[in-house]
Amino acid sequence: MSAIEINQSRILDNITIGLVAVDSEEKILLWNAWMERHSGIAAQEALNKRIDEVFATPPSSAFLAALRNTVSYGLPAVLSNALHRSPLPLFTLDESFTEPVAIHQSITITSIPANEDKRFCLIQITDSSTSIRREKMLRSHSEVLKKDATTDSLTGLYNRRFFDEHYKISLGQAIRQKHPLSIFMVDIDFFKQYNDYYGHPAGDKILIQVASALKSQISRSSDMLARYGGEEFVLVLPNMTEEHGKQFAEKLIAAVNHLQLPHLKSKAEQRISISIGLSTYDPNKHREVSALIDAADTALYKAKQQGRNQACFLALDTLLTHRLQIRPS
Ligand code: GH3
Ligand code: MG
């Protein structure tokens, strides 16, 4: 293999980082092609000028302080781009931007011994813009994934997985802060018959409309509505007593009836309706809360048995008695 003569100035011109050397008076000794391209200042113009005077906009005070530290004490300095976005007025050449865009920079400053006890400082500037853009893209991508993991794709409501997590947190808070919490299990009446008669795609549209009617009834950020599965929804409302819960359930039923969606095969009404099972945690009455969902579920079963298109309340402490009455085995 033949030896290649290395031309150092060619390396300096092709390197993809900015290189600047300054002497002990901060006068510029080296200004490579990368610096020319990104500052718009030619090397002949920059050489022998002080670095704080060469740019139209002066470098940041953090940069000048770091440089002075290195010049005076020989201490190396790093300006990380997390703290100092653009210490020097350098701009990207990307033509897809209509205006010049400041380069996000990572800068290291090192003191290098020269001849006769003299030293110079080497400033190396790398463009962090690409890695920052990539990081931002990854972050937004992971936010989309997180949303997908917690959202039901048909209705846009939270999914069962999110509900399971959120319910535990809400119930824990209600117990610690001693406030009531109501849970509502909501189920569309005779939905199988709807699908059989109108078709599955039409059934999907009903699910979307019922979901949005239910959603329109909640307002507080702590309220949660999720698709529990199939044609069943669940609402968890902190700070809602039994009495208010019963009124609220009536509002949910009215909101769905108000949609006036025809359902000729429904034996309840000839339009889409819902049944609701409701139970409430009352901090003054209940110590054991693990059966709260079960209580709401049993109340829903009761609402179905009593004719549908209605809400039923079941107190947590009467769950067992009622279960024995309505589900004899
Ligand atoms: P009830 O009044 O007792 O609740 O009767 P129902 O017919 O609503 O209850 P059942 O559990 O027998 O039927 C539920 C139906 O919901 C069956 C299933 O095809 C339908 N379903 C579940 N998930 C979806 C879905 O994502 N889209 C559509 N279109 N239908 C669904
Ligand atoms: Mg149903």
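In this predicted model, the magnesium ion (ligand 2) is bound by three kinds of protein atom, the OD of Asp187, the backbone O of Ile188 and the OE of Glu231, which lie 1.9 to 2.2 Å from the ion. Along the chain, these donors follow the spacing D-I-x42-E. Isoleucine 188 belongs to strand β6, whereas glutamate 231 sits in the loop between β7 (224-229) and β8 (232-238), so that the pair ties together parts 43 residues apart in sequence. With a relative accessible area of 1%, isoleucine 188 is buried, while glutamate 231, at 21%, is partly exposed.

Asp187 also appears in the surroundings of ligand 1, where it is listed among the closest of 17 residues, together with Phe191, Asp204, Arg227 and Lys304. By residue class, this shell divides into eight charged, five polar and four nonpolar members. At least two shell residues come from each of the elements β6 (181-188), α8 (191-198) and α9 (200-215).

Several polar contacts involve oxygen atoms of ligand 1. Isoleucine 188, already described as a donor to the magnesium ion, places a polar backbone atom 3.0 Å from an oxygen atom of ligand 1, and a backbone N or O atom of lysine 192 lies 2.8 Å from an oxygen atom of this ligand. In the case of lysine 304, an N or O atom of the side chain is found 2.7 Å from an oxygen atom of ligand 1. Of the 650 Å² of accessible area that ligand 1 has on its own, the protein covers 68%.

Terms used. Residues numbered from 1 in each chain as written. Chains lettered and ligands numbered in written order. Predicted model: local features only at pLDDT ≥ 70, side-chain atom pairs only at ≥ 80, totals over all residues. Heavy atoms only, no water. Near = heavy atom within 4 Å. Polar contact = N/O pair within 3.5 Å; in protein donor to acceptor, adjacent residues only side chain to side chain. Areas by Shrake-Rupley, 256 points an atom, 1.4 Å probe, with all protein chains shown as cover. Helix = DSSP H or I, 4+ residues; strand = E, 2+ residues; numbered from the N terminus. Nonpolar A, V, L, I, M, F, W, Y, C, P; charged D, E, K, R; others polar. Donors = N, O, S within 2.8 Å, 3.2 Å for Na, K, Ca; no water. Buried < 20%, exposed > 50% of the residue type's maximum accessible area, 1.4 Å probe, protein only.
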